[in-house]
Amino acid sequence: MPTISFMSANFVARQLGYQMTGGWGQGDRATNEFFRPLETYAQRFDDMLAEIEAMGFQQVDLWLAHLNPAWATARHIAIAQQTLEKHHLTVASLAGGFGSTAEEVERTCRIAQALGTRILGGSTGLPNSDRAALVRLLEQYDLMLAIENHPEKNPAELLAKIGDGAEGRIGAAVDTGWFGTQGYDAARALRELGHHVLHVHLKDVKHVGPPHETCRFGRGVVPIQECVRALQEMNYQGAISVEHEPETYDPTPDVIADLAMLKNWLAQ
């Protein structure tokens with residue numbers, strides 16, 4: 001059976017008081033600034049994980065703004081390890097952008113290895129000419145890159161980025177909400193991607209087309225329950241990340257409801 005995880009990027013607007021008027025980049029910068037200072041990192045990271053544990057989660061997808069390779073020291077990483085253990089949380093994936101050079105990607109790989117996850121769920125700006133270097137790093141650290149769909153309008157465009165899959169090292173992190181924004185049936189996308197699906201960001205959105213506005217499961221245009229059914233048909237055994245990133249309110253009540261719905265569907 002798949003496991004369930006909490007996407008820590010759900011808190012993208014938290015440090016802005018849920019008034020994220022400047023888009024995702026504004027929330028990303030504010031979160032990095034809040035978590036970067038070493039002297040406050042232990043308490044702030046602990047507070048966040050305590051909330052996630054209290055919601056009922058046992059796994060977390062750790063968004064890189066909460067432990068960014070650009071600023072994370074060995075001490076930051078050690079604190080993260082200790083705090084995750086304290087709250088009985090394991091890391092399902094690292095989530096975000098993993099850099100545009102081999103050196104940047106390797107810093108992310110080191111954090112993934114230290115936190116005990118094998119999935120990098122997001123994207124890298126490494127050019128295609130450096131694909132061999134990317135694959136070498138994935139092999140060296142025994143990781144998999146799950147490429148997340150955002151601008152891709154259909155699975156074929158995502159498969160073009162995955163390529164030959166590099167012997168299972170490269171696949172898809174399917175964001176059902178972004179397929180909803182693009183007007184593509186996310187359950188169909190999962191079935192079409194099949195064995196290439198390495199990770200899932202389960203997300204509902206209010207409508208087709210921009211802006212990308214997330215919502216509680218069942219209140220948008222994504223066939224969420226059918227997506228879960230598709231994963232069951234595929235015998236998917238990876239993590240399903242509960243993702244909901246509103247810009248103007250705390251997603252916690254919705255996420256708790258989403259978790260209950262997802263557990264119920266998986267039990268059927």
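Q: How are helices and strands delimited, and what is the expected span of a helix?
A: Helices (H or I, at least four residues) and strands (E, at least two) are DSSP runs, numbered from the N terminus. The expected span of a helix is 1.5 Å times one less than its number of residues. This is a predicted model, in which local features need pLDDT of at least 70, side-chain atom pairs count only at pLDDT 80 or more, and totals for chains, interfaces and linings use all residues. Residues are numbered from 1 along each chain as its sequence is written, and side-chain values use heavy atoms, with hydrogens and water left out. Helix α1 (residues 24-35) has 12 residues; from first C-alpha to last it reaches 17 Å, close to the 16 Å expected.

Q: Which residues of α1 are buried, and what covers them?
A: An α-helix has 3.6 residues a turn, so residues three or four places apart point the same way. Buried means under 20% relative accessible area, exposed over 50%, and partly exposed in between (1.4 Å probe, protein chains only). In α1, the buried residues are Gly27, Ala30, Thr31, Asn32 and Phe35. Their cover includes α2 (38-55), β2 (59-63) and α3 (74-86).

Q: How should one read the surroundings of aspartate 254?
A: Contact means heavy atoms within 4.5 Å. A polar contact is a pair of N or O atoms within 3.5 Å; within protein, one must be able to donate a hydrogen and the other to accept it, and residues adjacent in sequence count only if both atoms are side-chain atoms. Aspartate 254 belongs to helix α10 (residues 252-267) and counts as buried because its relative accessibility is 9%. Beyond its neighbours within four places in sequence, aspartate 254 is in contact with Arg216, Arg219, His244 and Tyr249. With the side chain of histidine 244, its side chain makes a polar contact at 3.0 Å.

Q: Why is cysteine 215 not bonded to cysteine 227?
A: A disulfide is a covalent bond between the sulfur atoms of two cysteines; the criterion is a pair of cysteine sulfur atoms within 2.5 Å. The sulfur of cysteine 215 lies 13 Å from the closest cysteine sulfur, that of cysteine 227, and is therefore too far for a bond. A search of the whole structure finds zero disulfides. Cysteine 215 is buried at 5% relative accessible area, and cysteine 227 is buried at 0%.

Q: Where do tyrosine 18 and asparagine 235 lie?
A: Tyrosine 18 is in the loop between β1 (3-7) and α1, and its phi is positive, about 55°, although it is not a glycine. Asparagine 235 is in the loop between α9 (224-233) and β10 (239-242), with a positive phi of about 60°.
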